Amino acid sequence: YIIGDIMPLPNIVTPEFVTTLPSTKQKIKFRPFLVKEEKVLLMAQEGKDKDEITNAVINILQSCIKDELDIRSLPLFDIEWLFLQLRSKSVGEVIELSFRHSEKEDCNFKNEVSVNIEDIKIHYDDKHSNVIPLENGIGIEMFYPSLAVAAAFNKENFTVDDVFEMIVDSVKTVYDKEKVYNDFTREELVKFLENLNQTHLAKFMDFFETMPKLKHTIKFKCGKCDEEITYDLEGLMDFFI
């Protein structure tokens, strides 16, 4: 018998989408993630390890974003936003989440709740500013901390040193009434910050606590006891419940 020519399998055209980066309003082009990439994410989800999930998300974003973008240097809320947009176009716009009604002693019912990604927005605090005035016309302009920098602040047992290092890594410029300083060394910056007082430190903490964040409030009725429940989803990990 005659063996026919071996024909290559057809190529599937992957669509391309555009979203806007919350921090800079830059337009970002991306493609949906593929089966091989989704498998990596599902394996990380099964392990329920935050670091594994975060690394899986970073790797998928690096593969799917078409523009030149240093993912690990982006603010956390940018990464969360990008991944949700990617997930919407790859899997679907609805996320199915589970919540146990554990706050009520006689009800531990597992409620299944659907959340539409289109309803999830970046929350902006009206009082937030990335410029921190100190005193006598002296102040500091801040970067939003990157994923790597924010990790120290988000871990369970962060120390005073962790907070101080995050402040150092997040300073963009120092200014006074006459000049803006941006060519200082890390050592010079550390010495400057070490001479600030507790009132100044509180201003830095307020900056971090009021930064833009991925946040969504859901309200539902318990399927067993009919009690009205309100739950705030905040940050990427809450969407992996």
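This tour moves through a predicted model, from the whole chain to selected residues.

**The whole protein**

Begin with the complete chain in cartoon view. The secondary structure comprises 7 helices and 11 strands. The radius of gyration is 23 Å, well over the 18 Å that the globule rule gives for 241 residues, so the protein is more spread out than a compact globule. Along the principal axes, the C-alpha trace spans about 90 × 60 × 30 Å. Of the 241 residues, 36% count as buried. Consider next the contacts between residues with a separation of 6 or more: 59% of them join residues 24 or more positions apart.

**The nonpolar cores**

Select V57, L61, I79, F83 and L86, and show their side chains. These residues have the most contacts inside the largest nonpolar core, which has 22 residues. Which elements supply at least two residues each to this core? They are the strand β2 (27-30) and the helices α1 (35-47), α2 (50-64) and α3 (76-90). Of the contributors, α2 gives the most, with 7 residues.

Now select W81, L97, F99 and C222. They are among the 19 residues of a second, separate core.

**A buried arginine**

Return to helix α3 and select R87, which lies in this helix. Is R87 buried or exposed? R87 is buried, yet it has no salt bridge. The nearest side chain of opposite charge belongs to E38, and it is 7.2 Å away. A salt bridge requires the nitrogen and the carboxyl oxygen to be within 4 Å, so this pair does not qualify.

Show the backbone of G92 as well. Its oxygen lies 2.7 Å from a polar atom of the R87 side chain. Beyond the residues up to four places away in sequence, R87 touches F33, G92, V94, I95 and I117. G92 therefore appears twice in this view, as a residue that R87 touches and as the owner of the backbone oxygen just described.

**A buried asparagine**

Select N111 in strand β4 (residues 110-116). With a relative accessible area of 4%, N111 is buried. Add F99, one of the residues of the second core. The C-alpha atoms of N111 and F99 are separated by 5.1 Å, and the two residues are 12 apart along the chain.

To see the surroundings, display the residues in contact with N111, leaving aside its neighbours within four places in sequence. They are L97, S98, F99, H101, F220, K221, C222, G223 and I229. Among them, L97, F99 and C222 also belong to the second core. Finally, examine G223, whose backbone nitrogen lies 2.8 Å from a polar atom of the N111 side chain.

**An exposed lysine**

Select K219, found in strand β10 (residues 213-221). Its relative accessibility is 67%, and K219 therefore counts as exposed. Not counting residues up to four places away in sequence, K219 touches I229 and T230. I229 is also one of the contacts of N111. Next, draw a distance from K219 to I132: their C-alpha atoms are separated by 36 Å, and the residues are 87 apart along the chain.

**The salt bridges**

How many salt bridges does a search of the whole structure find? It finds 5. Select R31 and E37 to view one pair, whose side chains meet at 2.7 Å, N to O. R31 has 12% relative accessibility and counts as buried. E37, at 8%, also counts as buried.

Then move to E165 and R186. These residues form a salt bridge, with the closest N and O atoms 2.5 Å apart. The pair links distant parts of the chain: E165 is in helix α5 (residues 160-170), R186 is in helix α6 (residues 186-194), and they are 21 residues apart.

Keep R186 selected and add D169. R186 forms a salt bridge with D169 too, the closest N and O atoms being 2.7 Å apart. Because R186 lies in helix α6 and D169 in helix α5, this pair ties together parts that are 17 residues apart in sequence.

Colour these residues by accessibility. E165 is partly exposed, with a relative accessible area of 37%. R186 is partly exposed at 42%, and D169 counts as partly exposed at 37%. To close the tour, display E165, D169 and R186 together: they are linked in a network of salt bridges.

Technical notes. Residues numbered from 1 in each chain as written. Predicted model: local features only at pLDDT ≥ 70, side-chain atom pairs only at ≥ 80, totals over all residues. Heavy atoms only, no water. Core = buried A, V, L, I, M, F, W, Y, C linked by side-chain atoms within 4.5 Å. Buried < 20%, exposed > 50% of the residue type's maximum accessible area, 1.4 Å probe, protein only. Helix = DSSP H or I, 4+ residues; strand = E, 2+ residues; numbered from the N terminus. Lys, Arg positive; Asp, Glu negative; His and termini not counted. Polar contact = N/O pair within 3.5 Å; in protein donor to acceptor, adjacent residues only side chain to side chain. Contact = heavy atoms within 4.5 Å. Rg over C-alpha atoms; globule rule 2.2 N^0.38 Å.
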